Amino acid sequence: MRVVLKRFALTLFVSSFAALGFSQIDSSFVEEEEDYSMYDDVEDVGEITTYCSPKIFDLSPNRFLSIGYDVTGTGTLKTSNEGAHKPDDNVARNDQSDLNYHGIRLNANIPVISKSKFVLQVGGGFNQSRITTNQLANAGDHNTLLDEISGGLTSINLNTTLFKPLGETNFLILQLMAEQNGNYTFGSSTEGPDLANTKYSGTALWGKRPNDRKQWGVGVSRTYRAGELNYIPVVMYNYTAANRKWGTEILFPARAFYRRKIDARNILLAGYELEGTSYRLYNTGFNAQNLELRRSEIRARVDYQKQIKGFVWMGVQAGVILNYAYNIDDLTATDNKDFYRGFFGDQTYTLSNTLSPMPYVNVSLNLVSK
Amino acid sequence: MKKIITLIGALALLFTISSFTSSPASVQDGGDDIIGLWEPSNGKARVKIEKIGSKYYGKIVWLREPIDPATQKPKVDKNNEDEKMRNVPLRGYRMLKDFVYDEESKEWSGGTIYDPESGSLYSCVITMKNDVLDIRGYVGVKALGRTDTWKRIKIKKKN
């Protein structure tokens, strides 16, 4: 009876996979009884070194390829006159107008080398912020800065990430990115992009992975996430609870999320991501001509990720964008080279602006690895 | 007459045996070198690779943590996409399936590797050097994948 049941179970096992086109074990094969205790005590024949994995249990899937679309609600842009405005000045911002963003987001992240002892990923991104506004030329509801960016903001980047395990628990992560950002659009006759205006950022992080449910690290980053060049410490803390139902995905201050695993194919994330960069403004009507828009936003959101089929997942984000920075710098005084203001510098802005919070939605289709 | 029948019977038997032994499925080649006991780099499992018909399969025969802390019962394939499979014990599970050896490229390909921790089934190609396997699981194309190294192990002889 036991043998019959075993054969039935094996047939079910085989046929269910065969039906999906996964496997077809030789039909004449009969599973033998196995004494699994014989595998308790073994000795090595081959030799390998054990390295820690770059992942822990239940992290949200790693996206190889992603295509998404981003739409925001309306925000009000208030702009100062062209001048020299100290960061902490009470600036008069009399130009104002409403705007919405929408645009495509394409990202690729390809593991060029992916072995136990070394992982090297190379990626690229294309993010577009098209702008819709109902402002009228020369009317009361008119914003001069909006004239310069109404064609949209485009960001293209190339990036690479290196994961190097240092034994069974320690690891190093290096991340480098080069970006071309500006008010350019492809196919138009306007100036840009110009390689001389490439922005470089990077992160170096040392970490520990004490077990399959926890990994943490500390490091430093050269970043434009706050809109302008900054050097900041970073802290990683990825954690999965013992019940495997919840966890955290944190790379502070860039992002911090609470993760809830509904099941292996449905994940909910809640938290924030700091997004930002510096955009070159080409062909403007301002007096100063080496202008950079320092744009930074905190995206507080709920992010639902769902497996559609196999390695194809969809993502839906909904939340609010808190516009942290939207100021303009002129690089003429620094010979067109970027400079460091940090959180406490008092270099002046050419335009000091604010953009009010706006709701947003993002939907994406992703090819992932879990 | 009886001798002739016996002779014909013996020849028929010989022909049957030879036709089986000369079939591609039974040719002894480098492909069988993979047969044996292996341990992935994370040391969490031991996998017995065997040949069934003309293909190679790998079965989990040992788990470092055989009991699921959540249920206090032997671990099952709870992350499987197929609900019907979620009660199948992980020990005894064939995580490597359908590999065919290519003498020219010296690799086992055309098969799949199953990751019970994520419930994902990856395309897979295996190469071997000095009792170490390079097992590359990938999504669609080999470039979108990751390689793990497994070492050969053997059962300790009892004194």
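Student: In β4(A), which residue is the bridge partner of V71(A)?

Tutor: Let's start from the strands in this predicted model. Strand β2, residues 62–72 of chain A, runs antiparallel to β4(A), and seven bridges join the two. Within β4(A), the bridge partner of V71(A) is H102(A).

Student: And how many bridges join strand β3 of chain A to β4(A)?

Tutor: Strand β3 covers residues 75–79 of chain A, and β3 and β4(A) run antiparallel. You can find one of the pairs by looking at K78(A), whose bridge partner in β4(A) is Q96(A). The number of bridges that join β3 to β4(A) is five.

Student: Over how many bridges do β4(A) and strand β5 of chain A pair?

Tutor: A hairpin takes you from β4(A) to β5(A) through two residues. For a pair to look at, take I113(A), which has L120(A) as its bridge partner in β5(A). Strand β5 spans residues 118–132, and its antiparallel pairing with β4(A) has a bridge count of 13.

Student: Moving along chain A, which residue in β12(A) is the bridge partner of W246(A)?

Tutor: Strand β11 holds residues 246–252 and strand β12 holds residues 255–263, and six bridges join these antiparallel strands of chain A. A hairpin of two residues links β11(A) to β12(A). The partner of W246(A) in β12(A) is R260(A).

Student: Which residue in β13(A) is the bridge partner of R255(A)?

Tutor: Here too a hairpin makes the link, joining β12(A) to β13(A) through two residues. Strand β13 covers residues 266–281 of chain A, and eight bridges join β12(A) to β13 in the antiparallel sense. In β13(A), R255(A) has as its bridge partner E273(A).

Student: How many strands are there in chain A as a whole?

Tutor: Some context on the chain helps here: of its 370 residues, 31% are buried. Among contacts in chain A between residues at least 6 apart in sequence, 62% join residues at least 24 apart. Alongside two helices, the number of strands in chain A is 17.

Student: Now for the two chains together: which element gives the most residues to the side of chain A that touches chain B?

Tutor: The contact involves 36 residues of chain A and 42 residues of chain B. On the chain A side, β1 (42–44), β4 (95–115) and β17 (358–369) are the elements that give two or more residues. That side divides into 18 nonpolar, nine polar and nine charged residues. With four residues, the element that gives the most is β4(A).

Student: Which residue in β10(B) does E43(A) stand opposite?

Tutor: Here strands from the two chains pair: β1(A) and β10(B) do so in the antiparallel sense over three bridges. Opposite E43(A), in β10(B), stands K154(B).

Student: Which strand gives the most to the largest nonpolar core?

Tutor: That core has 34 residues, and the members touching the most others are W38(B), V47(B), M95(B), L96(B), I113(B) and I126(B). Several strands of chain B each supply at least two of its residues, among them β1 (36–40), β2 (45–52) and β7 (107–115). The strand that gives the most, with five residues, is β8(B).

Student: How many residues are in the second, separate core?

Tutor: For this one, turn to chain A and find L145(A), I149(A), L153(A) and L351(A), which are included in the core. The number of residues in this second core is 14.

Student: Is K337(A) buried or exposed?

Tutor: K337(A) lies in the loop between β15 (312–330) and β16 (353–355) of chain A. Its C-alpha atom is separated by 20 Å from that of L158(A), which is 179 residues away along the chain. A residue is exposed if 12 or fewer other C-beta atoms lie within 10 Å of its own. K337(A) has 9 such neighbours, so it counts as exposed.

Student: Finally, over which residues of chain B is the pLDDT below 50?

Tutor: The model scores ipTM 0.77 and pTM 0.84. Chain B averages a pLDDT of 84, and 82% of the residues score at least 70. One stretch has five contacts in the model beyond near neighbours in sequence, and its pLDDT is below 50: residues 11–27.

Methods:
Residues are numbered from 1 along each chain as its sequence is written. Chains are lettered from A and ligands numbered from 1 in the order in which they are written. This is a predicted model: local features need pLDDT of at least 70, side-chain atom pairs count only at pLDDT 80 or more; totals for chains, interfaces and linings use all residues. A residue is buried if 20 or more other C-beta atoms lie within 10 Å of its own, exposed if 12 or fewer, and partly exposed in between; C-beta atoms are placed from the backbone. Two residues are in contact if their C-beta atoms, placed from the backbone, lie within 7 Å. A nonpolar core is a set of buried Ala, Val, Leu, Ile, Met, Phe, Trp, Tyr and Cys residues joined through C-beta atoms within 7 Å. Ala, Val, Leu, Ile, Met, Phe, Trp, Tyr, Cys and Pro count as nonpolar, Asp, Glu, Lys and Arg as charged, and the others, Gly among them, as polar. Two strands pair if DSSP finds at least two bridges between them. pLDDT is the predictor's confidence in each residue, from 0 to 100.
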